[in-house]
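Welcome to this short tour! Open your viewer, get the selection tool ready, and follow along one stop at a time.

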Amino acid sequence: MTDKIMLKCEACGAMNRVDERRMTSQPVCGRCGKPLTRSLKPVAVSAADFQREVVEWPGTVLVDFWAPWCGPCRAVAPMLEDLAARRAGSLKVVKVNTDENAELASRFGIFSIPTLILFHQGNKVNQVSGAMPRAQLELWIDSSVAAGKA
Ligand SMILES: [Zn+2]
């Protein structure tokens with residue numbers, strides 16, 4: 001169990017490893033000295049920044065492959081927003097619009113949406129298709145990350 005979380009500096013882009021117990025005081029970037037903020041919302045990612053935002057991210061990333069016309073995707077979206085806010089710093093949530101990023105969707109073999117893929121340290125650790133209840137989703141994430149670290 002670690003108390004360290006990863007925060008990306010909005011100002012210079014440097015990754016900072018921060019002790020979560022110190023989050024009561026305002027942490028600053030080790031490179032440029034600007035204050036660090038936690039990302040509280042899911043991040044929209046495209047083929048152009050997928051490598052940087054997901055594959056090279058030194059932590060856990062949940063990728064939601066979705067499309068605007070997909071009903072079950074809309075059901076999952078509020079849960080993902082809630083997760084992104086509550087687990088900010090330890091879990092990054094990103095969204096890939098499969099209508100706009102068909103090449104990314106085919107690279108990961110997405111045949112139905114929503115599909116969630118969990119990455120840990122750049123490695124894909126698990127994948128699941130379809131909506132699921134919140135408690136089951138959280139259990140899936142935690143057990144997948146634990147298995148991915150093993
Ligand atoms: Zn910085």
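Begin at the zinc ion, whose site is tetrahedral, with angles of 105 to 115 degrees among its four donor atoms. Four donors earn that word if all angles lie between 85 and 135 degrees. Keep in mind that you are looking at a predicted model, where local features need pLDDT of at least 70 and side-chain atom pairs count only at pLDDT 80 or more, while totals for chains, interfaces and linings use all residues. Residues are numbered from 1 along each chain as its sequence is written, and side-chain values use heavy atoms, leaving out hydrogens and water.

**Stop 1: around the metal**

Which residues coordinate the zinc ion? Select Cys9, Cys12, Cys29 and Cys32: each offers its SG atom, at 2.3 Å. (Donors are N, O and S atoms within 2.8 Å of the metal, or 3.2 Å for Na, K and Ca; water is not among the atoms, so sites may look incomplete.) Along the chain, the zinc donors follow the spacing C-x2-C-x16-C-x2-C.

Now switch on the surface. Is Cys9 buried or exposed? Cys9 counts as buried because its relative accessibility is 2%, where buried means under 20% relative accessible area, exposed over 50%, and partly exposed in between, using a 1.4 Å probe and protein chains only. Cys29 is also buried, at 4%. Cys12, at 28%, counts as partly exposed, and Cys32 is partly exposed at 35%.

**Stop 2: a sulfur link**

Next, select Cys70 and Cys73, which are joined by a disulfide with an S to S distance of 2.3 Å. A disulfide is a covalent bond between the sulfur atoms of two cysteines; here the cut-off is a pair of cysteine sulfur atoms within 2.5 Å. A search of the whole structure finds one disulfide. Look along the S-S bond: with 85 degrees about it, the link of Cys70 and Cys73 is right-handed. Cys70 is buried, with 3% relative accessible area, and Cys73 is buried with 3% too.

**Stop 3: two domains**

Colour residues 1-37 as domain 1 and 39-149 as domain 2; such bounds come from an automatic or database domain assignment. Their centres, taken over C-alpha atoms, are 23 Å apart. Six residues from domain 1 and seven residues from domain 2 take part in the contact, meaning heavy atoms within 4.5 Å.

Finally, which side chains form a salt bridge? Select Lys8 and Glu53, which meet at 3.2 Å, N to O. The rule finds one salt bridge across the domain interface, asking for a side-chain nitrogen of Lys or Arg within 4 Å of a carboxyl oxygen of Asp or Glu.

Conventions
Tetrahedral: all angles 85-135°; square planar, octahedral: opposite > 155°, others 65-115°.
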